[in-house]
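Here's a quick briefing to help you find your way around. Have a look at the model first, then read on.

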Amino acid sequence: MKIREEYKVREMAGEHVVIMQGRLGVDMTKIISLNESALYLWNALAGKEFSVNDAARLLTERYEVDDATAARDAAAWVEKLRDCKLI
């Protein structure tokens with residue numbers, strides 16, 4: 001899977017949010033805000049093909065979490081991306 005290239009992360013009012021580039025009349029009622037770990041994964045994986053295992057590996061490398069927790073969190077992150085049609 002791959003993060004769709006038309007989506008970019010921008011900082012707005014101290015929050016990191018996902019926006020679609022070049023769209024006029026965008027429905028601003030649906031803003032996707034990224035926490036620190038979600039932003040880390042986004043930045044590390046944007047523009048690349050990746051799997052849930054790749055995301056989990058990144059989490060264990062950066063944060064002090066066990067493999068099971070990283071796998072669960074990575075799967076939840078990917079599911080959210082799918083739900084929001086970002087991948």
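**Getting your bearings**

Take the contacts in the protein chain between residues at least 6 apart in sequence: 47% of them join residues at least 24 apart. Keep in mind that this is a predicted model. The protein chain has 3 helices and 3 strands, and reading from the N terminus you meet them as β-β-β-α-α-α.

**Inside and outside**

- Of the 87 residues in the protein chain, 29% are buried.
- The protein chain exposes about 5800 Å², and 50% of that area comes from carbon and sulfur atoms.

**Helix α1**

- Helix α1 covers residues 36–45, and 7 of its 10 residues are buried, so the rest of the structure largely encloses it.
- If you want to pick out the buried ones, look for A38, L39, Y40, L41, W42, A44 and L45.
- What do they pack against? On the strand side of the list, the buried residues of α1 pack against β1 (7–12), β2 (15–20) and β3 (32–34).
- They also pack against two helices, α2 (52–62) and α3 (67–83).
- After α1 comes G47, which has a positive phi near 80°.

**The nonpolar core**

- The largest nonpolar core has 23 residues, and W42 and W77 are the ones with the most contacts inside it.
- Each of β1, α1, α2 and α3 supplies at least two residues of this core.
- The element that gives the most to this core is α1, with 7 residues.
- Leaving aside residues up to four places away in sequence, W77 touches I3, A38, L41, W42, L45, F50 and A55.
- So W77 touches W42, and among its other partners A38, L41 and L45 are buried residues of α1.

**Two backbone spots to check**

- A13 has a positive phi, near 50°, although this residue is not a glycine.
- You'll find A13 in the loop between β1 and β2.
- Is A13 buried or exposed? Its relative accessible area is 85%, and the cut-off for exposed is over 50%, so A13 counts as exposed.
- K85 is another residue other than glycine with a positive phi, this one near 60°.
- Look for K85 in the segment after α3.
- K85 counts as exposed too, because its relative accessibility is 55%.

Note on methods. Residues are numbered from 1 along each chain as its sequence is written. This is a predicted model: local features need pLDDT of at least 70, side-chain atom pairs count only at pLDDT 80 or more; totals for chains, interfaces and linings use all residues. Side-chain values use heavy atoms; hydrogens and water are left out. Buried means under 20% relative accessible area, exposed over 50%, partly exposed in between (1.4 Å probe, protein chains only). Helices (H or I, at least four residues) and strands (E, at least two) are DSSP runs, numbered from the N terminus. Contact means heavy atoms within 4.5 Å. A nonpolar core is a set of buried Ala, Val, Leu, Ile, Met, Phe, Trp, Tyr and Cys residues joined through side-chain atoms within 4.5 Å. Accessible areas come from the Shrake-Rupley method with a 1.4 Å probe; for residues, only the protein chains shown count as cover.
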